[in-house]
Amino acid sequence: MIATASAVAFIVYSCNKKLSEAANLDLSETPVQTVDSLFMTQTKNGGLKMRVEADVMERYENDTCSFELFPKGLHVFAYSEDDKLETVLHSNNAKHFKSKTVEMEYWSAFGNVTVQNIARQQTLETDTLYWDQAKQEIYTDCYVRMFTPDDFMQGYGMRSDEMARNSVLYRPFNSYVYVLQDSTKVVIDSVNFIGPLLKKR
């Protein structure tokens, strides 16, 4: 009987200890869901519109909002109307935020953000980028570098449609054009070439 009473006391003590630890948990800093190796697709009218990949997704909830964090990076692949890959985004971190009290939702990507529009051969690099789904546009107030096969531009602040087709760079500075052609390159006309002139002896 004494052994049974000791066992019950031990169980009650153990449970009380676990309950006190649970009471100390900050639920706002504890994910309600964790997903490893996330792979998600979005379709429209039977065609692929977007593909999202991430090593880890953590979902958080509280009384005023819900949000997902992507602490090990986010990779987004967006497709054109004819199902061709057009725009690619990579970032070290990302966040998807949705308010429960007001109508507000946004995505933010930060840390070595690159956006490449494959069709236009244009690459954008910045530290932080926001995506407004309602307005279907991306924007930032941070330092931005933009590359094309012929041009390089830099400045602070950028706004574009969500596919990065029409990017507008604000407050540009020290922008210049890359010269890709080698001025010392010799082009030979193989049709009219008669060979080098030989010295007379």
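Me: How do you know that β10 and strand β11 (residues 168-169) pair, and in which sense do they run?

Reply: This is a predicted model, in which local features need pLDDT of at least 70 and side-chain atom pairs count only at pLDDT 80 or more, while totals for chains, interfaces and linings use all residues. Residues are numbered from 1 along each chain as its sequence is written, and side-chain values use heavy atoms, with hydrogens and water left out. Two strands pair if DSSP finds at least two bridges between them; β10 and β11 are joined by 2 bridges, so they meet that definition, and they run antiparallel. A strand here is a DSSP run of E with at least two residues (a helix is a run of H or I with at least four), numbered from the N terminus.

Me: What lies between β10 and β11?

Reply: The two strands form a hairpin with 6 residues between them, and in its turn Ala164 has a positive phi of about 60 degrees. One bridge sets Met158 against Leu169 in β11.

Me: With how many bridges does β9 pair with strand β10 (residues 151-161)?

Reply: They pair over 9 bridges in the antiparallel sense, and a hairpin of 3 residues joins them. Ile138, for example, has Ser160 in β10 as its bridge partner.

Me: Why is Arg159 called partly exposed?

Reply: Buried means under 20% relative accessible area and exposed means over 50%, with partly exposed in between (1.4 Å probe, protein chains only). Arg159, which lies in strand β10, has 32%, and therefore it falls between the two limits.

Me: What makes the link between the side chains of Arg159 and Glu137 a polar contact?

Reply: A polar contact is a pair of N or O atoms within 3.5 Å; within protein, one must be able to donate a hydrogen and the other to accept it, and residues adjacent in sequence count only if both atoms are side-chain atoms. The value for Arg159 and Glu137 is 2.5 Å, so the distance satisfies the limit.

Me: Why does Ser99 count as buried?

Reply: Ser99, in strand β6 (residues 93-99), has 12% relative accessibility, and because this is under the limit for buried, the label follows. Leaving aside its neighbours within four places in sequence, Ser99 is in contact (heavy atoms within 4.5 Å) with Thr64, Cys65 and Met104.

Me: Which residues have the most contacts inside the largest nonpolar core?

Reply: A nonpolar core is a set of buried Ala, Val, Leu, Ile, Met, Phe, Trp, Tyr and Cys residues joined through side-chain atoms within 4.5 Å. The largest has 23 residues, and those with the most contacts inside it are Phe70, Leu74, Leu89, Val115, Leu129 and Met158.
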